[in-house]
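Notebook open. I wanted the overall picture first, then two residues looked up one by one.

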Amino acid sequence: MGEDTPTAEDAQAVTAQRAIARDAAALSIPNLDRVKGNITLPAVGEAGSTITWTSSNPDVITDKDMDGKAAGVVTRPAADESAVSVTLTAVVSNPATDETVTRTFTATVLPVDGTLDTDYTGDYLWTYFQASGGYEKIFLGTSEDGLNWTSLNDNQPILANLASDLGVRDPHLIRSAEGDRYWILGTDLHAEGGGAGGSGWNQRNASQSIVVWESEDLVHWSEGTIVHSGFDFAGCVWAPEAIYDEATGQYLIYWSARDQREANTNDWALRVYVCTTRDFQTFSEPVVWLDEDDPNGGEVNIIDSSIVYNEADGYYYRFSTSDWNTVVDRCKTLSLEMNDWERVIARGEHTQFGITDGMEGITCYQLPDGTWCVMGDNGGYRAFVTEDFTSYTKVSSTFSPASFRHGTVIRLSEAETARIQAAYGENG
C-alpha cells in the first residue's frame, strides 16, 4: 500500500472531523439574552461528538451534573441585583481524531422578579380550542369557582397556527417553575372547520410536531413555533402536556402517538410517549410511557394523559383515556419508567369509582375548597369532584356562551387575573 493511500484510520478520522464540524455548527441555546430558567447544555451531538462545557460562573449556570440535575441549572440573581453575564464554552471532540472545535455563547441571566405574585388564589383560566374561520384556534375562558365558566375575548380566538397544518388543537398552558414565563403547547392539526389544507385524521403521516407559543405575561405571545418533539416514525403527535420535575430541573412533556412501523398489525395502537425538555425547543429521545397493549392481540388505545400533584398524600396522579375508559395511575415521583407507576383505576373500572361518563381531554385542578375537580370532554365537558382520588361525584358545571373543547386549566394569581381581564375582558 502506497504511503499516500488513506488508511481505515484516516477515513475514520475524516468522518469524525465532519461530525465534529456538524455538531459544533448545530449548537444553539434558545433565549440566551433573557435567561430565566435552566438551559440545555447537550453532552453529545446528533452526529455523535462529545461536547464538554465550561461556565465562567458555575454559581449562576452550572457546567457539570450535580444532585441528579444535568449541567445548565440556573440560579438567578436576587431581585435587587443586576443581570449577570455568563460565558459558556463548548469544546466539541471525538475520540477518533485529535481535532476539536470550540464555540462560545454569552448568556444574560435575569434577576428574580421581586414583584411576582405567586399566591395562586385568583380566577381560573381555561385554555381550549374551537373551530373559527375555517380552522381550529386557541380560546380562553375564565371562572371564579372552577365550575362555572365564561369565554373571554368576546368568544374570539387569541392564537392561530399560521404554519404547517394550519390548525391547532388540544392546547396545554403551563407556567414556568420560576413563575414569570408561560408556554402553550398544541397539536399541529387541522381536521375540522372547513378551511383548505390540513391532514385531517390521517394518523399515519400527520401531526408529527407540536406548536409552541411563549409569553412573559399571559397576554403577549410569541409567534407559534413548529417543534419536532416526537420520533421519526410517529404517525401522529397528539395532545401534548407538560409538568415540571423539581428533582431533575426539567419538564416532562408527554403526548399520544401511533408508530408508523406497526401499521396494519395488532400493535397499531395509540400509546403515550414521554421525553424531557428545559426550553420546549430541544427534547430528549421519547420513550413509551403508557400502553394498554392487549396480550391476546388487538388494538387498545391510550391517549390524552394529564397529571396533577396531590400534596396531601405526596402522589402524582395521571389521568388518561383508553377508548372512552378513564384510566388513573399514580407515582411518588415523575418517573419515566412505565413500571414505576401504580394503576389506581384500571380500564373498565371508572364507573365503580363514580366516574360515570366516558371522557377524553381530561383536565384536573384543585377547587377553592381544597377538593379536586376532574373535567372530561364528551360532546361537552362534565365535572367530577374528589377529595382523595379514591371516589368521585358528578357535579353541575356550566359554559357560556358555548361549550369548551379539549384544553387545560390553571389557577391564576390576583395579578395574573387582572392582566387577563384587562386584555381580554369577559364576554357578558
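I began with the surface: the protein exposes about 18,500 Å² (Shrake-Rupley method, 1.4 Å probe). Carbon and sulfur atoms supply 46% of that area. This is a predicted model, where local features need pLDDT of at least 70, side-chain atom pairs count only at pLDDT 80 or more, and totals for chains, interfaces and linings use all residues. Residues are numbered from 1 along each chain as its sequence is written, and side-chain values use heavy atoms, with hydrogens and water left out.

Next I checked burial. Of the 428 residues, 53% count as buried (under 20% relative accessible area, 1.4 Å probe, protein chains only).

I then looked up Arg 175. It is found in strand E7, residues 168-175 (strands are DSSP runs of E, at least two residues, numbered from the N terminus). Is Arg 175 buried or exposed? Arg 175 is buried, because its relative accessible area is 17%. Its side chain makes a polar contact (N or O atoms within 3.5 Å, one able to donate a hydrogen and the other to accept it; residues adjacent in sequence count only if both atoms are side-chain atoms) with the side chain of Glu 416, at 2.9 Å. The Arg 175 side chain also reaches the backbone oxygen of Arg 411 at 2.9 Å. Leaving out residues up to four places away in sequence, Arg 175 touches (heavy atoms within 4.5 Å) Tyr 120, Arg 181, Tyr 182, Ile 410, Arg 411, Leu 412 and Glu 416.

Last came Ser 396. I found it in the loop between strand E22 (393-395) and strand E23 (398-400). Ser 396 is exposed (over 50%), with a relative accessible area of 57%. Ser 396 and Ala 383 are 13 residues apart in sequence and 6.7 Å apart in space, C-alpha to C-alpha.

Conventions:
Helices (H or I, at least four residues) and strands (E, at least two) are DSSP runs, numbered from the N terminus.
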